[in-house]
Amino acid sequence: MTQEEDIAADAAAETHGPTHSGFVALIGPTNAGKSTLVNRLVGAKVSIVSHKVQTTRAIVRGIAIHDNAQIVFMDTPGIFKPRRRLDRAMVTSAWGGAKDADLIMLLIDSERGLRGDAEAILEGLKEVRQPKILVLNKIDRVNREDLLALAASANEKIAFERTFMISAENGSGCDDVMDYLAATLPEGPWYYPEDQISDLPMRQLAAEITREKLFLRLHQELPYSSHVETEKWEERKDGSVRIEQVIYVERDSQKKIALGKGGETIKAISTASRKELSEILEQQVHLFLFVKVRENWGDDPERFREMGLDFPK
């Protein structure tokens with residue numbers, strides 16, 4: 001390297017400054033908008049979104065670059081009062097993610113406020129040592145006086161470093177959050193390559209995409225006792241990919257719902273999932289879905305490992 005190149009490199013380093021990196025855990029009640037916010041901040045879809053509560057089952061990491069910082073968002077399952085073994089595993093995963101993070105972002109639905117699960121989460125946060133910020137979501141649906149009262153009430157219970165008011169849906173206020181995180185996270189090298197947006201393996205992301213389409217199509221008819229696994233992934237010579245997935249349900253009656261009359265429902269789910277996967281992968285996708293009955297899969301440790309969850313005893 002010439003002397004001129006040395007000077008240019010030093011000047012670039014001074015201009016850009018030191019790099020920052022860290023993990024930010026998003027926690028909150030179910031359906032507060034965590035997955036929508038992660039996708040918004042990352043700038044790409046890394047977490048599935050549904051109007052059905054408790055859609056996120058395990059921690060999904062979305063990676064964003066802002067200024068000189070690499071911010072790793074941990075989209076945790078919604079925290080709620082668990083009733084089943086799967087519920088307990090999801091809530092345990094959420095609190096575990098919070099305790100492993102550099103900073104905790106509590107997301108509250110401004111319309112619902114601090115009722116129910118939000119109140120219990122605030123109590124739980126008192127035992128967590130990491131710095132915390134409060135993010136009030138869906139502010140476009142609430143008047144300013146109510147927002148200020150909600151922020152004051154939450155800050156009386158927890159010493160939040162900052163409070164932000166945003167809309168994950170339209171992006172309002174999200175740049176302020178990113179500016180704060182980029183400046184606040186510790187100095188250090190980046191954890192992931194610059195062009196990586198998630199640490200979720202592609203086979204698992206593909207299964208999550210199909211599970212989202214399943215939820216969107218059957219949100220009133222099929223309960224939470226369904227699970228999707230990618231069983232085959234074949235890159236073909238023509239540049240396309242063949243993907244085979246299995247939707248597991250617990251009863252024959254659920255299988256009939258998933259298939260639909262004349263296979264109409266499963267075809268619609270497959271079409272929607274294939275379209276999105278083709279856009280993500282930027283290649284032609286041949287997707288084949290099968291529905292199988294696996295009784296009591298919610299008590300099978302292997303299924304929990306497949307979802308990235310610890311099996312609660």
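User: What does a patch of charge consist of here, and which residues gather in the patch of negative charge on the surface?

Analyst: Patches are made of residues with over 30% relative accessible area and no salt bridge, and like charges are joined within 9 Å. This is a predicted model. On its surface, one patch of negative charge gathers four residues: Asp 67, Asp 175, Asp 176 and Asp 179.

User: Is Asp 179 buried, partly exposed or exposed?

Analyst: Asp 179 is found in helix H6, which covers residues 174-184. Buried means under 20% relative accessible area and exposed means over 50%. The relative accessibility of Asp 179 is 40%, so Asp 179 counts as partly exposed.

User: How are strands E7 and E8 joined, and how many bridges are there?

Analyst: Strand E7 spans residues 226-235 and strand E8 spans residues 241-249. The two form a hairpin with five residues between them. They run antiparallel, and the number of bridges joining them is nine.

User: Which residue in the turn between E7 and E8 has a positive phi?

Analyst: The turn belongs to the hairpin formed by E7 and E8. A phi of about 90 degrees is found there, at Gly 239.

User: Which residue in E8 stands opposite Thr 230?

Analyst: E7 holds residues 226-235, and its partner E8 runs antiparallel to it. Opposite Thr 230, in E8, stands Gln 245.

User: Which helices does the salt bridge between Lys 157 and Glu 119 tie together?

Analyst: Side chains of opposite charge can pair when their charged atoms come close. For Lys 157 and Glu 119 the N to O distance is 3.2 Å. Lys 157 lies in residues 144-157 and Glu 119 in residues 117-125, so the pair ties together parts 38 residues apart in sequence, namely helices H5 and H4.

User: How far apart in sequence are the parts tied together by Glu 229 and Arg 294?

Analyst: Glu 229 forms a salt bridge with Arg 294, with 3.9 Å between the closest N and O atoms. Glu 229 lies in strand E7, while Arg 294 lies in the loop between strand E9 and helix H10, so the parts are apart in sequence by 65 residues.

User: Is Glu 229 buried or exposed?

Analyst: Its partner Arg 294 is partly exposed, at a relative accessible area of 25%. The cut-off for buried is under 20%. Glu 229 has 7% relative accessibility, so Glu 229 counts as buried.

User: How many salt bridges does the structure hold?

Analyst: One of them joins Glu 234 and Lys 232, whose closest N and O atoms are 3.9 Å apart. Others share partners and join Asp 109, Arg 112 and Lys 138 into one network. The structure's number of salt bridges is 13.

Methods:
Residues are numbered from 1 along each chain as its sequence is written. This is a predicted model: local features need pLDDT of at least 70, side-chain atom pairs count only at pLDDT 80 or more; totals for chains, interfaces and linings use all residues. Side-chain values use heavy atoms; hydrogens and water are left out. Two strands pair if DSSP finds at least two bridges between them. Helices (H or I, at least four residues) and strands (E, at least two) are DSSP runs, numbered from the N terminus. Patches are made of residues with over 30% relative accessible area and no salt bridge: like charges are joined within 9 Å, nonpolar side chains (Val, Leu, Ile, Met, Phe, Trp, Tyr) within 5 Å. Accessible areas come from the Shrake-Rupley method with a 1.4 Å probe; for residues, only the protein chains shown count as cover. A salt bridge is a side-chain nitrogen of Lys or Arg within 4 Å of a carboxyl oxygen of Asp or Glu. Lys and Arg count as positive and Asp and Glu as negative; His and the chain ends are not counted. The place of a charge is taken as NZ of Lys, CZ of Arg, CG of Asp or CD of Glu. Buried means under 20% relative accessible area, exposed over 50%, partly exposed in between (1.4 Å probe, protein chains only).
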